[in-house]
Amino acid sequence: MMLALPAFSQEDQRRACMWRCFVNIPTPRTLKDSLAVSKGSPSPNSMLRVLLSAQASSARLSGLLLLPPVQPYCLGPSKWGDRPPGGGSHVGPVQGLQRLLEQARSPGELLRWLGQNPTKVHAHHYLVALRRLGQLLGSQPRPPPVEQATLQDLSQLIIRNCPSFDIHTIHVCLHLAVLLGFPSDGPLVRALEQERRCRLHSKPPPSPQPVLHGGQRLEAALSCPRFLRHPQQHLIRSLAEARPEELTPQVMVLLAQHLARHRLREPQLLEAIAHFLVVQEAQLNSKVVQKLVLPFGRLNYLPLEEQFMPCLERILAREAGVAPLATVNILMSLCQLRCLPFRALRFVFSPGTPHALIMRRYLSLLDTAVELELPGYRGPRLPRRQQVPIFPQPLITDRARCKYSHKDIVAEGLRQLLGEEKYRQDLTVPPGYCTDFLLCVSSSGAVLPVRTQDPFLPYPPRSCPHATQDPAQRVVLTLRERWHFCRDGRVLLGSRALRERHLGLMGYQLLPLPFEELESQRGLPQLKSYLRQKLQALGLRWGPEGG
């Protein structure tokens with residue numbers, strides 16, 4: 001039986017032609033040719049031999065390269081932060097799973113990621129998995145051995161979930177299955193073909209759409225997967241005009257999470273959330289309030305609503321003993337805004353209370369903020385024995401986007417410019433902040449070998465009077481990548497601003513390297529010249545270049 005498969009678009013055919021001319025790889029003339037090869041394949045029980053046959057699979061697997069890459073499910077940054085690899089500055093679970101699938105090193109690992117994360121798997125993840133399977137099998141002259149059960153389990157996962165796929169996902173899965181050599185009479189191709197035909201031949205009449213007002217319209221918009229993939233900021237701005245009494249906590253939490261996740265610093269929407277919090281103060285508990293307050297700290301936005309802080313202080317006083325973690329989360333957001341209320345701190349620094357590691361990390365950060373930013377505070381503090389390093393390694397967003405970062409090329413530029421012995425990379429300084437690059441500089445401006453100096457400044461500063469007598473200066477080069485900013489690219493995210501503020505208060509001299517300047521450097525020679533100008537502008541000097 002020959003399947004009537006959907007044809008490639010003209011754009012896909014153009015890409016395919018360009019790819020074949022570039023790499024000179026023979027590919028099937030049509031998908032029907034590929035399917036004809038598949039038709040003569042053994043039964044599903046011996047499908048493994050078909051997939052791993054060097055003669056039968058090379059053309060099919062190279063054909064996988066003709067399909068355009070699977071697009072991410074949600075918003076997020078591109079190579080420079082505009083599209084996700086999906087993140088979030090906030091890298092969300094959807095984008096994170098896609099990245100794990102794209103980096104899987106074996107078919108078994110693909111299946112493991114899909115099976116272990118059922119609540120995070122969306123339809124497009126199966127496209128990613130099939131495409132990655134083809135890359136794994138076609139990337140080597142002799143593909144690695146694959147357990148037949150692995151392929152059967154992957155087929156069953158797709159079969160079980162394909163009723164929830166949209167027509168586009170079904171089309172592409174069908175293409176990939178054929179190119180991979182799954183038999184045309186096998187369960188996977190049959191199930192996908194059946195779903196495709198059902199969608200094409202049975203189109204129910206559209207049901208009348210209910211008229212949505214105010215909060216209902218906002219909730220429906222923010223819950224729609226298409227809206228999450230392609231947010232229209234003019235739409236959510238207009239929805240902010242709904243009266244607060246029309247909205248529910250669930251709706252406003254959705255809005256707050258959307259703004260935080262996508263780094264959207266929209267003053268009109270943030271002010272609407274702040275006003276809602278003030279109006280609904282009596283009906284909100286701290287577990288809801290922590291979610292409503294999250295975007296203000298993350299987006300480094302202090303609302304104009306006059307009752308915002310008094311309202312939060314009353315909620316903290318009322319709820320501190322009921323939900324300790326929610327209380328700390330609210331204070332973390334206020335810490336990023338430099339608005340820590342003295343009275344609320346007394347609730348979280350109560351002596352003798354055991355805390356989990358994550359809570360101790362948050363409390364250690366709050367204690368650091370008290371030490372550096374609230375010299376007039378005389379209340380309880382976090383006992384020294386309970387303090388832990390705050391951020392002992394690069395932040396999760398930086399680790400997730402390391403392949404888009406400028407850190408490696410800046411490190412190479414510094415190595416050639418200064419020499420390896422005159423800087424330290426990813427050094428964690430007390431009380432636990434990870435620095436990008438740290439230099440030790442003499443009083444005359446000479447860059448000193450780090451091994452001959454103590455790279456750490458004493459902490460806390462007030463308890464170490466001899467700190468001011470240390471002639472060496474510590475200079476921290478801090479990368480300001482695109483995803484360290486709100487989406488408008490002008491305001492640092494709250495966590496990044498807090499880190500830089502605290503390092504400066506501890507006595508480190510900061511030398512920011514903005515992404516706009518780093519992106520404009522073409523190649524290592526230009527970058528070295530750029531770094532030389534930056535360092536010389538601080539009055540630094542060093543010996544001849546190495547290398």
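Of the 547 residues that make up the protein chain in this predicted model, 51% count as buried. The chain exposes about 26300 Å², and carbon and sulfur atoms supply 54% of that area. Its secondary structure consists of 25 helices and seven strands.

## Cysteines

A disulfide is a covalent bond between the sulfur atoms of two cysteines. A search of the whole structure finds zero disulfides. Cys 198 is thus in no such bond, and the nearest cysteine sulfur, which belongs to Cys 162, is 9.6 Å away. A pair would count as a disulfide with its sulfur atoms within 2.5 Å. With a relative accessibility of 36%, Cys 198 counts as partly exposed. Cys 335, by contrast, has a relative accessible area of 0% and is buried.

## Aromatic pairs

The count of aromatic pairs comes to five. One of the pairs in the model is formed by Tyr 126 and Phe 165. The centres of these two rings are 5.6 Å apart, and the angle between the planes is 35°, a tilted arrangement. Tyr 126 belongs to helix 7 (residues 123-138), while Phe 165 sits in the loop between helix 8 (148-161) and helix 9 (167-180). Because the two residues are 39 positions apart in sequence, their pairing ties together separate parts of the chain. Both Tyr 126 and Phe 165 are buried.

A further pair joins Phe 296 and Phe 308, with ring centres 5.0 Å apart. Why is this pair classed as tilted? The planes of the two rings stand at 55°, and tilted pairs are those that are neither under 30 degrees, which would be stacked, nor over 60, which would be edge-to-face. Phe 296 lies in helix 16 (residues 286-298) and Phe 308 in helix 17 (residues 308-319), so this contact ties together parts that are twelve residues apart in sequence. Phe 296 is buried, its relative accessible area being 0%. Phe 308 also counts as buried, at 1% relative accessibility.

## Salt bridges

Side chains of opposite charge can pair when their charged atoms come close. In this model the count comes to 16 salt bridges. The table sets out three of them.

| Salt bridge | Closest N to O distance |
|---|---|
| Asp 426 and Lys 407 | 2.7 Å |
| Glu 500 and Arg 480 | 2.7 Å |
| Arg 490 and Asp 488 | 3.8 Å |

Where do the partners Asp 426 and Lys 407 lie? Asp 426 is in the loop between strand 1 (424-425) and strand 2 (428-429), whereas Lys 407 is in helix 22 (residues 407-418). The two are 19 residues apart in sequence, so their salt bridge ties a loop to a helix. Asp 426 is partly exposed, with a relative accessible area of 31%, while Lys 407 counts as buried at 15%.

The bridge between Glu 500 and Arg 480 likewise links distant parts of the chain: Glu 500 is in helix 23 (residues 494-505) and Arg 480 is in strand 6 (residues 473-480), 20 residues apart. Glu 500 counts as buried, at 9% relative accessibility. Arg 480 is partly exposed, with a relative accessible area of 21%.

In the bridge between Arg 490 and Asp 488, Arg 490 counts as exposed at 66% relative accessibility, and Asp 488 counts as partly exposed at 32%. Salt bridges that share partners also join Lys 407, Asp 426, Asp 436 and Arg 499 into one network.

## Helix 25

Helix 25 (residues 524-537) has 14 residues. From its first C-alpha to its last it reaches 20 Å, close to the 20 Å expected at 1.5 Å a residue. Which residues of helix 25 are buried? They are Leu 527, Lys 528, Tyr 530, Leu 531 and Leu 535. These residues cover an arc of only 160° around the axis, and therefore lie on the same side of helix 25. An α-helix has 3.6 residues a turn, so residues three or four places apart point the same way. The face of helix 25 turned away from the buried side carries the exposed residues Pro 525, Gln 533 and Ala 537.

Terms used: Residues numbered from 1 in each chain as written. Predicted model: local features only at pLDDT ≥ 70, side-chain atom pairs only at ≥ 80, totals over all residues. Heavy atoms only, no water. Helix = DSSP H or I, 4+ residues; strand = E, 2+ residues; numbered from the N terminus. Buried < 20%, exposed > 50% of the residue type's maximum accessible area, 1.4 Å probe, protein only. Areas by Shrake-Rupley, 256 points an atom, 1.4 Å probe, with all protein chains shown as cover. Phe/Tyr/Trp six-rings, centres within 6.5 Å; stacked < 30°, edge-to-face > 60°. Salt bridge = Lys/Arg side-chain N within 4 Å of Asp/Glu carboxyl O. Expected span 1.5 Å × (residues − 1). Arc of directions from axis to C-beta.
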